[in-house]
Amino acid sequence: MKKFLKVLTIIILSILIILFAIVIILFIKSKTWERNFQSEMNPHYLVNDSILPEEFDRRVEEYILSKESTDFLTLSPEEVGHTVFGSLAQMVEESVLETTNVYIEPSKGVWKICARARLRDVRNVYAWVCADVTKDDMQTAQIYLKNLEIQGIDIGKIYPGSLIMINQGIAEAVVIANENGFVGRVFENMELLEDELIIKGFLY
């Protein structure tokens, strides 16, 4: 009996040591990633609020109310960042989380969109969540996530089903928006460029 308890104790201690080592490794990896990520940031694309100028509202209104059969709306990475910040802030408004920053790293065909979230009551506990938003060259409004990371840890590899569910949700949202004409136009195409997002839509 004593021998059995001794072996069981060794096994439990070994498991705890392994788990502790994994936690330490992940912590060090996440902090190293965060330091590198923040050192390479372009401050121009970092936002901390959802405030947009009146000129932005005017352009959106003109796009929606335009009588042209096909029209375009062009958004800068900063404008998209402020819009994403506002959407995320509304999503977590009733939760224990709050959004502090949104950062966008634009390139042709792929935009890395990152959000920094933290606990409202424990402000030193936070994490950067980053997603690679991708758009192919086809004439379609469909975009999808190619990668999802939390503090540099690849969630897509750990839980591949998460990307599938998110991309299905995006596809369904685009279909619902187009079928119901929420903005008065059908989204026909989106282009992710190095310095702007172009939305093409035709009258509903």
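**A tour from overall shape to one disulfide**

In this predicted model, the protein has a radius of gyration of 22 Å, whereas a compact globule of 204 residues would have one near 17 Å. With the C-alpha trace selected and the view aligned to the principal axes, the protein spans about 85 × 35 × 30 Å.

Next, switch to a cartoon coloured by secondary structure, where five helices and nine strands can be picked out. Following the chain from the N terminus, the elements come in the order α-β-α-β-α-β-β-β-β-β-α-α-β-β. If contacts are then drawn for pairs with a separation of 6 or more, 51% of them are between residues 24 or more positions apart.

Now turn on the surface, which for the protein comes to about 13,100 Å² of accessible area, with 63% of that area belonging to carbon and sulfur atoms. Of the 204 residues, 37% are buried. Selecting the charged side chains brings up 20 positive and 29 negative ones, and the centres of these two sets lie 14 Å apart.

For the last stop, select the cysteines C114 and C130, which are joined by a disulfide with an S to S distance of 2.2 Å. The link between C114 and C130 is right-handed, with 115 degrees about the S-S bond. It connects distant parts of the chain, since C114 sits in strand β4 (residues 110–119) and C130 in strand β5 (residues 126–134), with the two cysteines 16 residues apart. Both C114 and C130 are buried, and a search of the whole structure finds one disulfide.

Conventions: Residues are numbered from 1 along each chain as its sequence is written. This is a predicted model: local features need pLDDT of at least 70, side-chain atom pairs count only at pLDDT 80 or more; totals for chains, interfaces and linings use all residues. Side-chain values use heavy atoms; hydrogens and water are left out. Helices (H or I, at least four residues) and strands (E, at least two) are DSSP runs, numbered from the N terminus. The radius of gyration is taken over C-alpha atoms; the globule rule is 2.2 Å times the number of residues to the power 0.38. Buried means under 20% relative accessible area, exposed over 50%, partly exposed in between (1.4 Å probe, protein chains only). Contact means heavy atoms within 4.5 Å. Accessible areas come from the Shrake-Rupley method with a 1.4 Å probe; for residues, only the protein chains shown count as cover. Lys and Arg count as positive and Asp and Glu as negative; His and the chain ends are not counted. The place of a charge is taken as NZ of Lys, CZ of Arg, CG of Asp or CD of Glu. A disulfide is a pair of cysteine sulfur atoms within 2.5 Å.
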